[in-house]
Amino acid sequence: MSTGTMKAARLHEFGGPGVLRYEDAPRPVAAPGEVLVRAHAAGLNPPDWYLRDGYRALPPEWRPDPSFPLIPGTDVSGVVEAVADDVRGFNRGDEVYAMVRFPENLMKGSGAYAEYVSIPAPELALKPVGIDHVHAAGAPMSLLTAWQFLIELGHDEPNPFQSFRHEPVPLQGKTVLVNGASGGVGHLAVQLAKWKGARVIAVASSRNEALLRDLGADQFIDYTTTAAEEVVCDVDLVLDAVGGAKMGRFLHAVKRGGALFLVNPLGFIDHEEAETLGVTVSSTQVRSNGAQLAEAARLLANGTVRVIVDSTYPLSDVSRAHQRATSGRIQGKIVLTMD
C-alpha cells in the first residue's frame with residue numbers, strides 16, 4: 001500500500017550502475033507490525049550491486065526473477081514518521097536505524113534507496129546517540145555481519161552455506177586475523193574483536209595502516225607486499241571478509257583447533273584439508289536483527305566502535321555511488337543522503 005509519492009532510486013532492468021533511476025515512486029505506509037521511517041541516509045552494501053547486476057555470478061537457476069520496478073538497499077537511518085497500531089516501543093519523531101528485510105528480500109530489494117521506508121518493528125533500533133544519520137546508515141549490514149560472525153549469531157534459521165549452525169568462538173586472549181580489514185565488514189570486525197579482548201592482525205593495503213592501527217589493530221600486514229599466510233602462524237581465528245578462489249591459503253596460518261570464518265564462502269573448496277589440519281571452517285548469512293543493533297548502538301554511542309565513511313552521495317547521484325562501490329580501494333562505507 002502507499003499514499004502519495006516520494007523520490008527513490010529504482011531498477012527497471014538489471015545491468016550496470018547506469019540502470020538505476022532517480023524518480024518518483026509510491027510512498028509506502030506502515031502495515032501491521034511495521035514502522036514508517038523518513039530516511040535521512042542509506043548505506044551501500046555488496047548485495048545492492050549484486051542485485052542491480054541480476055546476480056550474474058550465480059547459477060541461472062538461483063538468479064532473481066523479480067517484478068520491476070524495484071527499490072534496492074537495506075541499510076537506513078532516519079526518523080519515525082508513523083507507527084502501526086500494534087507496534088510498541090517506537091514513537092513518531094524517534095531517530096532509528098535498521099537493516100531492512102534481509103535476507104527475506106535479497107532478490108527483490110528492501111526499499112532503502114528512498115525517502116520513506118516501511119520497516120518491520122523487530123528489525124528496528126534507536127539510532128546511537130552522538131553519531132549522525134550518515135554514520136548510522138553505514139553500520140547495519142556490515143556491523144550485523146561482524147556481530148553475527150564474531151559475537152552472537154542470534155537466530156536458529158537454517159544455514160544456507162553449510163549443514164551445521166555457525167558458532168562464534170570466545171575471543172578473550174585469542175589472536176584474530178582479519179583479511180580485508182579496511183572494508184565495511186572488516187574495519188568493524190577489527191573493533192569488535194578488540195572489544196572482546198583479542199589481539200588483532202589486520203590485513204589490507206598500506207594506505208589503510210594508520211587507520212587500522214587507530215581502530216585498534218595490534219599488527220598490520222600490507223597484502224600488496226607480503227602474503228599474510230606466509231608470515232603468520234598459530235592464530236586462533238581468521239575472518240576472511242574478502243572471499244575469492246584462494247581462501248584456503250589461510251588454513252595453514254590457523255592453529256589446530258582454530259577456525260576460519262568466511263564472510264563469502266562461495267568458491268571455497270578446501271574442506272578436506274581443513275579437516276586434516278583440525279581447522280573449523282564456517283560461514284553464515286547475515287539476518288536483520290533490531291535487538292543486536294540496539295546492543296551495538298551502545299558501542300557506537302560511546303566510541304568503542306566507529307563507522308568509517310569512505311564517501312557520501314546524494315540519492316539523485318546513486319549511479320555514481322555504485323560506480324565508486326565497484327571501483328575498489330574503498331575505506332569503510334559509502335552512504336547515500338536524502339537531504
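**Exercise 1. Work out which share of the contacts in the protein chain joins residues at least 24 apart, among those between residues at least 6 apart in sequence.**

Step 1: Fix the term: a contact means heavy atoms within 4.5 Å.
Step 2: Keep the contacts between residues at least 6 apart in sequence; of these, 66% join residues at least 24 apart.

A word on the ground rules before going on. The model is predicted, so local features need pLDDT of at least 70 and side-chain atom pairs count only at pLDDT 80 or more, while totals for chains, interfaces and linings use all residues. Residues are numbered from 1 along each chain as its sequence is written, and side-chain values use heavy atoms, with hydrogens and water left out.

**Exercise 2. Check the radius of gyration of the protein chain against that of a compact globule, then describe the chain as a whole.**

Step 1: Take the radius of gyration over C-alpha atoms, and for the globule rule use 2.2 Å times the number of residues to the power 0.38.
Step 2: For 339 residues the rule gives a value near 20 Å, and the protein chain has 20 Å, so the two agree.
Step 3: Add the box: along the principal axes, the C-alpha atoms fill roughly 60 × 45 × 40 Å.
Step 4: Count the secondary structure, where helices (H or I, at least four residues) and strands (E, at least two) are DSSP runs numbered from the N terminus. The protein chain has nine helices and 15 strands.
Step 5: Turn to burial, with buried meaning under 20% relative accessible area, exposed over 50%, and partly exposed in between (1.4 Å probe, protein chains only). Buried residues account for 56% of the 339.

**Exercise 3. Find out where the buried residues of helix 9 lie around its axis.**

Step 1: List them: in helix 9 (residues 318-325), Val-318, Ser-319, Ala-321, His-322 and Ala-325 are buried.
Step 2: Look down the axis, with the arc being that of the directions from the helix axis to the C-beta atoms. The buried residues of helix 9 fall within 160°, so they line one face of the helix.
Step 3: Recall the geometry behind this kind of pattern: an α-helix has 3.6 residues a turn, so residues three or four places apart point the same way.

**Exercise 4. Place Trp-49 and say what it is in contact with, leaving aside neighbours within four places in sequence.**

Step 1: Trp-49 sits in helix 1 (residues 46-52).
Step 2: Its relative accessible area is 17%, so Trp-49 is buried.
Step 3: Its contacts beyond those neighbours are Leu-44, His-322, Ala-325 and Thr-326. Two of these names are familiar: His-322 and Ala-325 are among the buried residues of helix 9.

**Exercise 5. Track down the backbone oddities: which residues have a positive phi, and where are the cis peptide bonds?**

Step 1: Start from the usual case: most residues other than glycine have a negative phi, and most peptide bonds are trans.
Step 2: In the loop between helix 1 and strand 4, look at Tyr-55. Its phi is near 50°, and at 9% relative accessibility Tyr-55 is buried.
Step 3: Pro-69 is in the loop between helix 1 and strand 4 (75-83) too. A cis peptide bond links it to Phe-68, with omega about -5°.
Step 4: Move on to the loop between strand 5 and strand 6, home of Arg-101. Phi of Arg-101 is near 45°, and with 12% relative accessibility this residue is buried.
Step 5: Pro-103 belongs to the loop between strand 5 (95-99) and strand 6 (116-120). The bond between Phe-102 and Pro-103 is cis, with omega about 5°.

**Exercise 6. Is Arg-287 buried or partly exposed, and which residues does it touch?**

Step 1: Arg-287 is in the loop between strand 13 (280-282) and helix 8 (290-301).
Step 2: Its relative accessibility is 24%, so Arg-287 counts as partly exposed.
Step 3: Setting aside neighbours within four places in sequence, Arg-287 is in contact with Met-99, Phe-102, Pro-103, Leu-144, Gln-148, His-155 and Glu-157. Phe-102 and Pro-103 are the pair joined by a cis peptide bond.
Step 4: Check one distance: Glu-157 is 130 residues from Arg-287 along the chain, with 9.3 Å between their C-alpha atoms.
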